[in-house]
Amino acid sequence: MKKDGKIKVVLIMAMTLDGKIARHSLEPVDWTGRTDKGIFVEITKGAGVVIMGSKTYDTIGRPLPGRKNVVMTSSKDRQSNHENLIFTSASPEDILKGLADEGFESAVLMGGTTINDLFAPKGLIHEIYITVVPKLFGQGLSIFSRKLDAALELMEFQKIDDHALLLKYKVLP
Ligand SMILES: NC(=O)c1ccc[n+]([C@@H]2O[C@H](COP(=O)([O-])OP(=O)(O)OC[C@H]3O[C@@H](n4cnc5c(N)ncnc54)[C@H](OP(=O)(O)O)[C@@H]3O)[C@@H](O)[C@H]2O)c1
């Protein structure tokens with residue numbers, strides 16, 4: 001929990017060296033390597049909850065086990081058949097308040113671009129962890145797609161395998 005009593009939000013993304021997170025909206029994240037996946041699982045299980053957009057969820061096709069999955073959708077028709085999955089049309093602020101009330105101290109925001117765009121301009125992202133994957137897509141989706149003016153501070157960097165880096169940044173208030 002942050003000092004102001006709010007839940008800490010960590011955005012975790014894998015990115016190509018040319019700054020892309022996917023070639024298109026329906027592409028699964030199956031290109032980042034085993035080490036990145038392992039780190040993602042460890043951090044998200046530590047937080048206990050992940051927040052994602054419905055398109056990202058559809059590329060995975062099932063809830064991530066061992067974590068609460070909060071999937072943002074504007075559709076009222078989507079029903080969950082899993083105890084660790086909810087579909088919601090609530091605002092980012094209301095989702096985070098609900099998670100704080102449930103006792104979560106931090107949450108992982110895991111994309112995609114559309115959902116990241118809902119959180120970032122409101123200053124709701126506190127840390128950003130990026131795996132830089134040794135690939136180039138040329139075209140595709142970026143981490144954000146709207147105008148932003150945020151300053152970051154490097155907290156930590158790590159070479160996670162022969163060719164990939166993990167960068168951890170704090171978003172300055
Ligand atoms: N490289 C990485 O680390 C990484 C991580 C995550 C995702 N990705 C990639 O990103 C791509 C998907 O990103 P995306 O931007 O196309 O989609 P997205 O952000 O995953 O999901 C967009 C969906 O979120 C819902 N949504 C949008 N605004 C909303 C609001 N205000 N309230 C509630 N729900 C709202 C809508 O769902 P409805 O249409 O159901 O209403 C919308 O279609 C995929 O290719 C995925 O693999 C990459």
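User: Which residue has a polar side-chain atom 2.4 Å from an oxygen atom of the ligand?

Analyst: The model is predicted, and the distance is computed from its atoms. A polar contact requires a pair of N or O atoms within 3.5 Å. The pair at 2.4 Å joins an oxygen atom of the ligand to a polar side-chain atom of S74.

User: How much of the area that the ligand exposes when taken alone does the protein bury?

Analyst: Taken alone, the ligand exposes 930 Å². The share of this area that the protein buries is 84%.

User: Which residue places a backbone N or O atom 3.2 Å from an oxygen atom of the ligand?

Analyst: T114 has a polar side-chain atom 2.7 Å from an oxygen atom of the ligand, but that contact is made by a side chain. The backbone atom at 3.2 Å from a ligand oxygen belongs to T113.

User: How many residues surround the ligand, and how many of the shell are charged?

Analyst: The ligand is surrounded by 27 residues, with S25, E27, T56, T73 and S74 the closest. The shell divides into 12 nonpolar and 13 polar residues, and the number of charged ones is 2.

User: In which pocket does the ligand sit, and which elements give two or more residues to the shell around it?

Analyst: The ligand sits in the largest pocket. Two or more residues of the shell come from each of β1 (8-16), α2 (54-60) and α4 (113-119).

User: What is the volume of the largest pocket, and which residues are closest to its centre?

Analyst: The largest pocket has a volume of about 870 Å³. It is lined by 39 residues, which divide into 17 nonpolar, 15 polar and 7 charged. At least two lining residues come from each of β1, α1 (34-47), α2 and α4. Closest to the centre are V29, T56, T59, I60 and M110.

User: Which elements each supply at least two residues of the lining of the second largest pocket?

Analyst: The second largest pocket holds about 540 Å³ of space. Its lining has 22 residues, and I125, H126, L152, V171 and L172 lie nearest its centre. By type, the lining divides into 15 nonpolar, 2 polar and 5 charged residues. The elements that each supply at least two of them are β6 (127-133) and β8 (165-171).

User: Which two residues does a cis peptide bond join?

Analyst: Most peptide bonds are trans. Here a cis bond has an omega of about -5°. One of its partners, G112, is placed in the loop between β5 (106-109) and α4. The two residues joined are G111 and G112.

Terms used:
Residues numbered from 1 in each chain as written. Predicted model: local features only at pLDDT ≥ 70, side-chain atom pairs only at ≥ 80, totals over all residues. Heavy atoms only, no water. Near = heavy atom within 4 Å. Polar contact = N/O pair within 3.5 Å; in protein donor to acceptor, adjacent residues only side chain to side chain. Areas by Shrake-Rupley, 256 points an atom, 1.4 Å probe, with all protein chains shown as cover. 1 Å grid on protein atoms, 1.4 Å probe; cavity = no way out; pocket = protein on both sides within 12 Å on 5 of 7 lines; lining within 4 Å. Sits in = over half its atoms within 2 Å of the grid points. Helix = DSSP H or I, 4+ residues; strand = E, 2+ residues; numbered from the N terminus. Nonpolar A, V, L, I, M, F, W, Y, C, P; charged D, E, K, R; others polar. Points joined across faces, edges and corners; volume = space filled by probe spheres on them.
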